[in-house]
Amino acid sequence: MAAIIDGKRISAEIKEELKEQVAQLKEAGAEGTLAVIQVGDDPASGVYVRNKKKACEYIGIHSRAFELPASATQKELLHLIADLNADDSVNGILVQLPVPDHIDEKTIINAISPDKDVDGFHPESVGSLTIGQPGFVSCTPAGIIELLKRSNVEIDGKECVIVGRSNIVGKPMALLMLRENATVTVAHSHTRNLKDVCKRADILIVAVGKKEFITGEYIKPGAVVIDVGIHRDENNKLSGDVKYDEAEQKASMITPVPGGVGPMTIAMLMHNCVEAMTR
Ligand code: NDP
């Protein structure tokens with residue numbers, strides 16, 4: 001039976017460390033403010049925004065919420081971002097995604113100053129990660145590295161297979177695992193013999209967006225399995241991209257859903273906000 005990688009405990013540990021760091025930075029005269037922009041009133045986005053606000057309060061930085069109606073134009077949103085870019089009292093800017101269809105997500109991401117890009121989605125942040133320069137790293141993949149390291153999983157020299165190549169999870173995840181000296185394979189919807197590819201993995205990271213897609217048959221005995229997926233059923237019960245009851249029979253370590261990768265994303269957002277404060 002696999003040991004559980006406890007994201008709830010590890011994220012609490014990180015937030016505790018950040019709280020101390022913020023207190024020290026404040027003593028030295030620094031202040032931290034995260035601007036969170038939400039367009040429209042999508043209920044799921046509302047929950048994420050509230051959780052981010054709570055996390056800011058917990059570690060001791062300010063958050064400023066900007067709630068624009070769903071009818072807000074792209075021009076209005078770009079105007080607000082330009083104001084926040086120029087505002088020295090704001091060190092982090094985040095636009096809660098998704099934005100309504102009439103607004104182009106890429107244009108919005110590109111408008112945020114890379115110095116305040118705490119989500120790590122700006123092309124300059126991604127470019128810096130690619131060539132190993134300092135910059136903000138996308139929160140979910142950064143959180144997975146913390147989960148692995150703080151659970152004493154050796155990454156160096158290991159076979160890592162990542163299922164999924166999205167800009168916010170799969171691709172930055174591959175770059176981070178490469179930085180940690182893993183041998184990295186990125187699988188996607190065109191990959192042939194996915195089962196065989198996954199079975200090569202010492203560390204299998206799944207971000208495929210399909211409920212319980214990865215069954216026990218995809219897992220090498222003793223592998224470490226990281227499940228990024230989040231799916232909510234009609235009874236509000238959460239499950240992941242991995243069939244947990246089968247996977248836990250094969251894996252040596254596994255992240256549960258909920259309580260695995262999920263809590264790490266906000267912890268790493270807070271980490272990026274503290275980094276922004278020190279810049
Ligand atoms: P995307 O839908 O953007 O990407 C899914 C990826 O999976 C794509 O690269 C796609 O390949 C690949 N894929 C789809 N079907 C198959 C298949 N049959 N075989 C192999 N690969 C396949 O998802 P995200 O990366 O944004 O998210 C993935 C999951 O993680 C979701 O469940 C999401 O809710 C969750 N998530 C959780 C977070 C957290 O904080 N825990 C944060 C972000 C996401 P192709 O590129 O070829 O289409």
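Reader: Which residue with a positive phi follows helix 1?
Author: Quick background: this is a predicted model, where local features need pLDDT of at least 70, side-chain atom pairs count only at pLDDT 80 or more, and totals for chains, interfaces and linings use all residues. Residues are numbered from 1 along each chain as its sequence is written, and side-chain values use heavy atoms, leaving out hydrogens and water. Helix 1 is followed by a residue whose phi is positive, near 100°, and that's Gly29.

Reader: How far does helix 1 reach from its first C-alpha to its last?
Author: Helix 1 (helices are DSSP runs of H or I, at least four residues; strands are E, at least two; both numbered from the N terminus) covers residues 7-27, so to speak 21 residues. The expected span, 1.5 Å times one less than the number of residues, comes to 30 Å for helix 1. The model is close to that, at 30 Å.

Reader: Why do the buried residues of helix 1 line one face?
Author: Gly7, Ile10, Ser11, Ile14, Leu18, Val22 and Leu25 are buried in helix 1 (under 20% relative accessible area; exposed is over 50%, partly exposed in between; 1.4 Å probe, protein chains only). Look down the axis, taking directions from there to the C-beta atoms. The buried residues line one face because they fall within an arc of 115°.

Reader: What covers that buried side, and which exposed residues sit on the face turned away?
Author: The cover over the buried residues includes helix 2 (43-59), helix 6 (139-150) and helix 10 (262-278). On the face turned away, the exposed residues are Lys8, Glu20, Gln24 and Glu27.

Reader: Which residue caps the N-terminal end of helix 1?
Author: Look for a polar contact (N or O atoms within 3.5 Å; within protein, one able to donate a hydrogen and the other to accept it, and sequence-adjacent residues count only if both atoms are side-chain atoms). The backbone nitrogen of Lys8 has a side-chain oxygen 3.1 Å away. That oxygen belongs to Asp6.

Reader: Over at the ligand, how far is a polar side-chain atom of Ser189 from a ligand oxygen?
Author: Ser189 is among the residues that come nearest, out of 24 around the ligand (a heavy atom within 4 Å). Lys210 puts a polar side-chain atom 2.9 Å from a ligand nitrogen. For Ser189 and the ligand oxygen, it's 2.5 Å.

Reader: Is Thr33 buried or exposed?
Author: Thr33 lies in strand 2 (residues 33-39), and its side chain reaches the backbone oxygen of Ser89 at 3.3 Å. Its relative accessibility is 9%, so Thr33 counts as buried.

Conventions
Contact means heavy atoms within 4.5 Å.
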